[in-house]
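Q: Can you take a close look at one part of this structure for me? I'd like the geometry and the contacts, with the cut-offs spelled out.

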Amino acid sequence: MEFATFADRAGTIEAEPADLEVIAHVRDLIADAGSDLEVAARFVQGRVFPAWDSTTLDIGPSACYEAIARAAGTNVSSDDVEDRLAEVGEIGDVAASYDFGGQQGLGAFTGGGTGGTGGGSDGNGGDLTVREVYETLEELAAAEGSGSQDRKVDLLFGLFNRCSSEEARYLARIVLSEMRIGVGEGTVRDAIADAFDVPTDRVERALQVSNDYGRVARIARDDGLEGLDSMVLDVGRPVQAMLAQAGTVTDALEEWEEAAVEWKYDGARIQLHHDPDVSEDSAAETRVFSRNMEEVTDALPEVVEFAEAHLEEAAILDGEVVAIDADGSPLPFQEVLKRFRRKHDVAKAREDVTVRPVFFDCLHADGEDLLAEPLTTRHDRLRSVLVDGRADGDADAVDDTDIDGLSLLWRTDDPDEIESIDAEALEAGHEGIMLKNPDSTYSPGRRGKHWRKRKPDVETLDCVVTGAEWGEGRRATFLGTFELSVRAGDTLETVGKVATGITDEKLEELTELLESHITAEEGQEVELEPEVVFEVGYEEIQSSPTYSSGYALRFPRFVGVRPDKDPADADSFERLERLQSD
Ligand code: AMP
């Protein structure tokens, strides 16, 4: 397909306001693309490479402006291009405003093609094909080392030099990933289904396993439904991560009856691809990808070592990489960031921050794709993948907590149990909990209802601390659980206890603050003079006979001390009732 034809079709699509018409135009484009189908299906989304491919053009806007300026003639500088961009606001319009094609000799010399007939703003177009554009961009992406930026500009100049205005408009946008012609992923999916007469859901499935619109389009055309259905996950090629939305325990239990509950780790998402059978000269045995499918293998040698030590079979695992201290306790997210995506001095960074992987899902194991299996089956499989690599034989005899890298999963319909899992997670230094539908399949790229992170607190209450309990074991010298009360006229009424989300340092500080207010002690319990106000978050307020207010805070969490407030400024029973009825 000529690039001029592609540009012309892109122009029609851009001018089309109706979604269905856009799909029809994209359908026609891919149906007519012939041997350039794969590239056209990506270019129309402004993509040069498939989504699974981490290759980038690695060319900044200024290099693109320079290439445009050079192709536009000797009297145009890249500053002029930038000035025009500031005026016009969009690179496609800027590129289309120049008259290219006057620099044939130079274009040929720099390897950007023969120069041919040149472009020209009259819209005649050159002799450029979609394939040539792609192959030049591929060469541009591959240029590395010293002088590579100049080489990239030369190659791009060679392309612009052969463009008509309209070709230049879309070339510039593709290069800068700013296509913006209203073609989203769903549009291309529907267009493929329409063009090659295959069901949309099967195209969708094929896209989920391959992350490759070009390949899916080609297979739909050449091999039809059978071809699409036989597409499987490829160990080594990333899949889009399934995402979570915010939600409450109450909603989760109402909808699913039973929830799978996991700790929410405060790290960075990773997808581990491990294939012990790859031959030495082919792809790496282990590759690690970020949530955006960017390769991060080299930055995380611990994850690679983990895979080598623990995995015997080919697998794709989904999880989180967490920074840990010398005791193995999790460190804040900022610490992981010092390691994640790091390209230089990885060994040095590793000395400063240690990371470890925790896996919560298994997408593929030993030749079998598991996306369509329910969560609990995938988790069982994850467990067995992680156990199989162990020397201690009988997998059933191994306790889950002893399996390195396994995120624990509880199935329960009991809100109190969920509350205590949440408390344990916070106590262990994690972010909280995730609630998952135990029967749900893995939906790549979806922020669906099947995975929910416990909703952050919408409201907080300022409560008076009227009692506390001494901790246990390591925390025996600290006050650990705090009784909360609200004002009710001249008295105080209890509304709950908060014990969670507090570090040892914080507990020590709070003990110091509260100890002098102890008025009575019995066993581990102490009564406190009402002096100190805590700000606490909660998930909801429930009627409850347990506390004297008649209400209980569900999932209370400590937010902070309010030294600026006296008990008289704490929240009142009336506000509690108002919030409860909201
Ligand atoms: P958020 O980034 O706040 O939208 O929360 C979702 C993210 O939590 C996921 O993308 C993961 O990176 C992370 N996460 C931590 N623990 C889990 C878990 N057990 N299951 C799923 N995601 C988790």
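A: Here's a walk along one helix, H13.

First, the ground rules: this is a predicted model, where local features need pLDDT of at least 70, side-chain atom pairs count only at pLDDT 80 or more, and totals for chains, interfaces and linings use all residues. Residues are numbered from 1 along each chain as its sequence is written, and side-chain values use heavy atoms, with hydrogens and water left out.

H13 covers residues 213-229; helices here are DSSP runs of H or I, at least four residues, numbered from the N terminus. Stretched out straight, a helix of 17 residues would span 24 Å at 1.5 Å a residue (the expected span is 1.5 Å times one less than the number of residues). H13 spans only 15 Å between its end C-alpha atoms. There's a bend of about 130° at Asp-223, taken as the angle between axes fitted to the seven residues ending there and the seven starting there.

At the start of H13, a side-chain oxygen of Asp-212 comes to within 3.3 Å of the backbone nitrogen of Gly-214.

As for burial (under 20% relative accessible area, 1.4 Å probe, protein chains only), the buried residues of H13 are Tyr-213, Gly-214, Arg-215, Val-216, Ala-217, Ile-219, Ala-220, Gly-224, Gly-227 and Leu-228. Those residues pack against helices H3 (37-43), H11 (185-196) and H12 (200-210), with contact meaning heavy atoms within 4.5 Å.

One check on the whole structure: a search for disulfides (cysteine sulfur pairs within 2.5 Å) finds zero.

Key. Helices (H or I, at least four residues) and strands (E, at least two) are DSSP runs, numbered from the N terminus. Buried means under 20% relative accessible area, exposed over 50%, partly exposed in between (1.4 Å probe, protein chains only). A polar contact is a pair of N or O atoms within 3.5 Å; within protein, one must be able to donate a hydrogen and the other to accept it, and residues adjacent in sequence count only if both atoms are side-chain atoms.
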